[in-house]
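Let's look at how a few structural labels are earned. Each turn below sets a value against a definition.

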Amino acid sequence: MSGLIKKYAPQIGYFIFPNLRRELIGSGQVENRLPGEPVNLLVKAHYREDPDALFARASSFADVMHVTRRIASYKNLPASRMEQGKTYTTDIRILKLFRYANYNIRIDCVNPVDRVLITKEGNRDVRSWKHRVDVKPSRTGSVWTDYLEIDAGLLTPFVCLFARFMYIHRHKQRGAAGVRAVMGDKARKVHRMTVNENHCFSARS
């Protein structure tokens, strides 16, 4: 079943949802992009939690597995803090229907001082899943920003839509006071305006 969905979803989706590309890519850019090109996603969540405590959760696999337990499972992923420079391999099961085997998660940056986390993920189905987390203090607590660039070939729009659902779900499970998500060109613009540029000098491209 999952194989048929992977094979025919792009063609079916663009017929059933004629505005899908416009929603994902951004107004004015639709005709200049091709199906399967990387798509950007930005999810911004507000918390009443201390930013250092919140970043400790962001850099913990135990937290990831806990807040996604209703929609995903991660086989052989340690319930520990992420280690910079290390690559973890897991089998992910989504909604008990889809399996992503030998999924690699490379930890490029864990910076608790500036509260920046950078990872690069993927397997044979997801060519590239670049993820950056910024946690910043706010007047009421903290702001957690997820910025992603996703390339899953022709399935990119659908993987991006699921990623949007998943990250909103994660933040709600953590008790976020409010969550906002944008995709496409708008995500890049919001990213440039809202996240700091601090990073780990040892991070790989």
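**How the labels are earned**

D50 caps the N-terminal end of helix α3, with a side-chain oxygen 3.0 Å from the backbone nitrogen of D52. This is a predicted model, in which local features need pLDDT of at least 70, side-chain atom pairs count only at pLDDT 80 or more, and totals for chains, interfaces and linings use all residues. Residues are numbered from 1 along each chain as its sequence is written, and side-chain values use heavy atoms, with hydrogens and water left out.

Q: What makes the contact between D50 and D52 a polar contact?
A: A polar contact is a pair of N or O atoms within 3.5 Å; within protein, one must be able to donate a hydrogen and the other to accept it, and residues adjacent in sequence count only if both atoms are side-chain atoms. Here an oxygen of D50 and a nitrogen of D52 lie 3.0 Å apart.

Q: How do you know that the buried residues of α3 line one face of the helix?
A: Those buried residues are P51, L54, F55 and A58. Seen down the axis, they fall within an arc of 100°, so they line one face. The arc is that of the directions from the helix axis to the C-beta atoms. In general, an α-helix has 3.6 residues a turn, so residues three or four places apart point the same way.

Q: Why is the pair of Y47 and W144 called tilted?
A: A search of the whole structure finds four aromatic pairs. Rings of Phe, Tyr and Trp (its six-membered ring) pair if their centres lie within 6.5 Å; planes under 30 degrees apart count as stacked, over 60 as edge-to-face and the rest as tilted. The rings of Y47 and W144 have centres 6.0 Å apart and planes at 35°, so this pair is tilted. Y47 sits in strand β1 and W144 in strand β7, 97 residues apart.

Q: Why does Y47 count as buried?
A: Buried means under 20% relative accessible area, exposed over 50% and partly exposed in between (1.4 Å probe, protein chains only). Y47 has 2% relative accessibility, so Y47 counts as buried. W144 is also at 2%, and so is buried.

Q: What makes the pair of F61 and Y88 edge-to-face?
A: Their ring centres are 4.7 Å apart and their planes are at 75°, so the pair is edge-to-face. F61 lies in helix α4 and Y88 in strand β3, so the pair ties together parts 27 residues apart in sequence.

Technical notes
Helix = DSSP H or I, 4+ residues; strand = E, 2+ residues; numbered from the N terminus.
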